[in-house]
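Here is an informal walk through one model, going from charges to cysteines to surface patches and a few distances. Have the viewer open while you read.

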Amino acid sequence: MRVKCVLCDVIENINDYSPLAKKLRNRPIHTYMCQTCYDRIETRTNERKETGSFRQYSDDKEKDEWVF
């Protein structure tokens, strides 16, 4: 399967039967990012986390009394 990186537009081939290929075929909302772009974003995120000004927002879900 040919896939294109969202950030750098590099076209790569992945195995047609891999879980990633299945995810990309069945759920069009998911996008592909090459390993170099993924590593670049990961290092930049870790640098921001180390500064202390990085805030990760999460949903504060209230507990439902009917769900056990």
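Which residue forms a salt bridge with Arg44, and how far apart are the closest N and O atoms? The partner is Glu47, and the closest N and O atoms sit 3.8 Å apart. Keep in mind that this is a predicted model, so side-chain atom pairs count only at pLDDT 80 or more. With the cut-off for a salt bridge at 4 Å, the 3.8 Å between Glu47 and Arg44 falls inside it. The structure holds one salt bridge, so if you were hoping for a network, there isn't one to browse here.

The pairing makes sense along the helix: Glu47 and Arg44 are three residues apart in α2, which means about one helical turn separates them. As for solvent, Arg44 is exposed, because its relative accessible area is 54%. Glu47 is partly exposed at 43%.

**The cysteines**

Next, the sulfurs. How many disulfides does the structure hold? The count is zero. Cys34 is in no disulfide, and the nearest cysteine sulfur, that of Cys37, is 3.5 Å away. Why no bond for Cys37? A disulfide needs two cysteine sulfur atoms within 2.5 Å, and the 3.5 Å from the sulfur of Cys37 to that of Cys34 is too far for a bond.

Are these cysteines buried or exposed? Cys34 counts as buried because its relative accessibility is 2%. Cys37 is buried too, with a relative accessibility of 1%.

**Surface patches**

Now for the outside. Which residues form the positive surface patch? Lys22, Lys23, Arg25 and Arg27 make it up. Arg27 belongs to the loop between α1 (19–26) and α2 (35–51), and its relative accessibility of 47% makes it partly exposed.

There is also a nonpolar patch on the surface, built from Val6, Leu7, Met33, Tyr38 and Ile41. Together these residues have about 450 Å² of accessible area. Ile41 is a member that sits in helix α2, and at 36% relative accessibility Ile41 counts as partly exposed.

**A backbone oddity**

Asp9 deserves a click. What is unusual about the phi of Asp9? Its phi is positive, about 60°, although Asp9 is not a glycine. Most residues other than glycine have a negative phi. You'll find Asp9 in the loop between β1 (2–4) and β2 (11–13). Asp9 is partly exposed, with 48% relative accessible area.

**Separations in sequence and space**

If you like checking how the chain folds back on itself, here are some C-alpha pairs.

| Pair | Apart along the chain | C-alpha to C-alpha distance |
|---|---|---|
| Ile11 and Cys34 | 23 residues | 8.8 Å |
| Val3 and Tyr38 | 35 residues | 15 Å |
| Tyr57 and Ile29 | 28 residues | 21 Å |
| Lys49 and Ile11 | 38 residues | 31 Å |

Ile11 shows up twice, so where is it? Ile11 has its place in strand β2, and it is partly exposed, with a relative accessible area of 48%. One of its partners is Cys34, 8.8 Å away between C-alpha atoms, and that cysteine is the one that counts as buried at 2% relative accessibility. Another partner is Lys49, with 31 Å between the C-alpha atoms. Lys49 lies in helix α2 and is partly exposed at 46%.

Val3 is found in strand β1. Is Val3 buried or exposed? Its relative accessible area is 6%, so Val3 is buried. Its partner in the table, Tyr38, is 15 Å off between C-alpha atoms and belongs to the nonpolar surface patch.

Finally, Tyr57 is in the segment after α2. With 68% relative accessible area, Tyr57 is exposed. Its C-alpha is 21 Å from that of Ile29.

Key
Residues numbered from 1 in each chain as written. Predicted model: local features only at pLDDT ≥ 70, side-chain atom pairs only at ≥ 80, totals over all residues. Heavy atoms only, no water. Buried < 20%, exposed > 50% of the residue type's maximum accessible area, 1.4 Å probe, protein only. Patch = residues over 30% accessible without salt bridge, like charges linked within 9 Å, V, L, I, M, F, W, Y side chains within 5 Å. Areas by Shrake-Rupley, 256 points an atom, 1.4 Å probe, with all protein chains shown as cover. Salt bridge = Lys/Arg side-chain N within 4 Å of Asp/Glu carboxyl O. Lys, Arg positive; Asp, Glu negative; His and termini not counted. Charge placed at Lys NZ, Arg CZ, Asp CG, Glu CD. Helix = DSSP H or I, 4+ residues; strand = E, 2+ residues; numbered from the N terminus.
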